[in-house]
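Me: I am new to this structure and would like to know what stands behind the words used to describe it. Could we go through them one at a time, setting each value against its rule?

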Amino acid sequence: MRIDIFCRVIDNYGDAAVAWRLAKSLVQLDPTLTVRLVVEGRQTFRALAPHTGQVEVWDAHDSAFDASLADVWIEAFGERSPATLLDQFCRGRARDLRCRLWIHLEYLTAEAWAVDYHLLPSPQGVTGVEKYFYVPGFRPGTGGLFQDREFLARGERTGVSLRKDLWFRYAPGLPPDAFGVLVFSYEHDYTSFAKALAAWGSRTGRDVVVFAAAGRSQEALGRSIAPPVRLVELPFVNQSEFDQLLWTMDALVVRGEDSWARAVLMGKPFVWQAYLQPEGWQSVKVEAFLEVLRPWFADQTLFDRWATLHRELNERNAEGQGRGDFSVLWEEAPALERALGEFAQYAKNHLRLEASLLEFLRRFKV
Ligand code: TRH
């Protein structure tokens with residue numbers, strides 16, 4: 001089966017990151033597949049994934065690219081593909097399937113509508129072409145979460161040695177038993193975060209290190225973090241290295257969708273800052289996520305504290321706004337790890353996006 005995934009890189013890395021995870025996961029699951037990634041914004045893509053192995057990466061405007069070869073055309077995140085490519089695809093010939101399949105891959109959401117929209121047909125009136133919505137989500141009956149076997153396997157191998165290696169690479173001299181928090185967020189005032197972390201460190205005697213991921217949160221962290229808390233400003237690293245760094249942390253502040261899904265699958269203490277939406281609409285997405293997670297917490301007081309942090313961090317109409325008492329992430333780390341770890345286990349067993357997508361595509365096999 002030949003699968004093409006089209007993705008446009010907008011202002012961040014998220015879309016390319018997810019499209020890449022999907023492409024490589026499909027060939028991990030079935031090495032006989034031919035998967036091509038068709039991107040607009042190839043430079044960004046290269047920074048994320050310098051080596052793509054079996055997955056071919058094409059520039060959407062390369063005249064040598066032939067979309068008519070594909071059995072399946074996946075359009076990532078509602079970005080309409082260039083008309084010429086779609087036209088080529090629709091006029092092509094499916095080889096391994098009964099028809100050509102055009103998949104509209106939606107953004108990940110915990111909202112309940114994902115269940116209703118997932119796998120809905122979207123008739124295009126083109127003979128021999130069938131189009132369907134594919135909606136990633138956290139609820140049974142949705143498309144599930146991008147898992148990425150390679151990413152999950154990294155977690156199983158994580159031990160003191162990976163932490164020692166990576167921490168040594170980016171900040172020689174860090175005590176490997178320090179409490180490490182990686183922050184990858186949008187703009188935010190980190191003054192209260194820094195104070196709370198420093199207070200907890202001196203109360204418990206634990207060394208504390210903040211890893212600031214490259215990008216929009218780094219400047220604010222640089223202004224706020226002061227000794228004894230250590231600050232490590234990370235360069236932009238490729239996705240595989242970024243994944244490994246995530247696994248070495250004790251707690252995470254994540255954003256977007258891909259790093260959010262990673263944090264969920266890791267079952268580590270984390271907070272998610274959602275992508276800013278017009279009129280603060282991101283709060284609806286955050287509430288939906290909290291609704292899904294609530295039953296996994298035996299301790300509702302802990303859940304309320306964690307939920308309050310999510311609400312306060314995300315109630316914003318512009319970048320930089322929002323508050324948040326982050327201390328639950330370190331003060332309650334073991335209890336959070338228990339609750340979130342159980343959900344992670346559930347997600348790994350029941351929300352397997354790549355496997356369900358392949359199963360769906362195979363229903364059309366001749
Ligand atoms: O970059 P993001 O903010 O992505 C967002 C969202 O996906 C949003 O929904 C979308 O509309 C918008 O982009 C355009 O955050 P996200 O989703 O976590 O993706 C970031 C990816 O970048 C993730 O795979 C990790 C990766 N990354 C690296 O590989 N190296 C790095 O150094 C850093 C900082 C990130």
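Reply: Let us begin with exposure: a residue is buried under 20% relative accessible area, exposed over 50%, and partly exposed in between, with a 1.4 Å probe and protein chains only. This is a predicted model, in which local features need pLDDT of at least 70 and side-chain atom pairs count only at pLDDT 80 or more, while totals for chains, interfaces and linings use all residues. Residues are numbered from 1 along each chain as its sequence is written, and side-chain values use heavy atoms, with hydrogens and water left out.

Me: Why does R262 count as buried?

Reply: The relative accessibility of R262 is 1%, which is under the limit for a buried residue, and therefore R262 counts as buried.

Me: What makes the pair of R262 and D258 a salt bridge?

Reply: A salt bridge needs a side-chain nitrogen of Lys or Arg within 4 Å of a carboxyl oxygen of Asp or Glu. The closest N and O atoms of R262 and D258 are 3.4 Å apart, so the pair meets this rule. Both residues belong to helix α10 (residues 258-266), where being 4 residues apart means that about one helical turn separates them; a helix here is a DSSP run of H or I with at least four residues, a strand is a run of E with at least two, and both are numbered from the N terminus. D258 is also buried, because its relative accessible area is 11%. Through salt bridges with shared partners, R262 and D258 are joined with R21, K24, D148, E150, R154 and D243 into one network.

Me: How many salt bridges are there by this rule?

Reply: The count comes to 26.

Me: How do you know that R21 and D148 form a salt bridge, and where do the two residues lie?

Reply: Their closest N and O atoms are 2.8 Å apart, which is inside the limit, so the pair qualifies. R21 is in helix α1 (residues 14-29) and D148 in the loop between β6 and α5 (149-157), so that this bridge links distant parts of the chain, 127 residues apart. R21 and D148 are both buried.

Me: Why is E150 called partly exposed, while K24, its salt-bridge partner, is called buried?

Reply: E150 has a relative accessibility of 35%, which falls between the two limits and therefore makes it partly exposed, whereas the value for K24 is 8%, so K24 is buried. The closest N and O atoms of this pair are 3.5 Å apart. Since E150 lies in helix α5 and K24 in helix α1, the bridge ties together parts that are 126 residues apart in sequence.

Me: What makes the pair of F270 and W306 edge-to-face?

Reply: Rings of Phe, Tyr and Trp (for Trp, the six-membered ring) pair if their centres lie within 6.5 Å, and planes under 30 degrees apart count as stacked, over 60 as edge-to-face and the rest as tilted. The structure holds 35 aromatic pairs. For F270 and W306 the centres are 5.7 Å apart with 85° between the planes, so both conditions are met. F270 is in strand β11 and W306 in helix α12 (residues 300-314), 36 residues apart, and both are buried. Ring pairs also link residues into a cluster, which includes F270, W272, F303 and W306.

Me: How do you know that the charged end of K131 sits over the ring of W102?

Reply: The rule asks for NZ of Lys or CZ of Arg within 6 Å of the ring centre and within 35 degrees of the ring normal. The charged end of K131 is 4.3 Å from the centre of the W102 ring and counts as sitting over it. In a second case, the charged end of R262 sits over the ring of F151, 4.7 Å from its centre. K131 is in strand β6 and is buried, because its relative accessible area is 10%.

Me: Why is L119 called partly exposed, whereas E279 is called exposed?

Reply: L119 has a relative accessibility of 25%, which lies between the limits, so it is partly exposed, whereas the 80% of E279 is above the upper limit, so E279 is exposed. Each has a positive phi in a residue other than glycine, near 70° for L119 and near 55° for E279. L119 is placed in the loop between α4 (113-117) and β6 (129-134), and E279 in the loop between β11 (270-273) and α11 (282-293).
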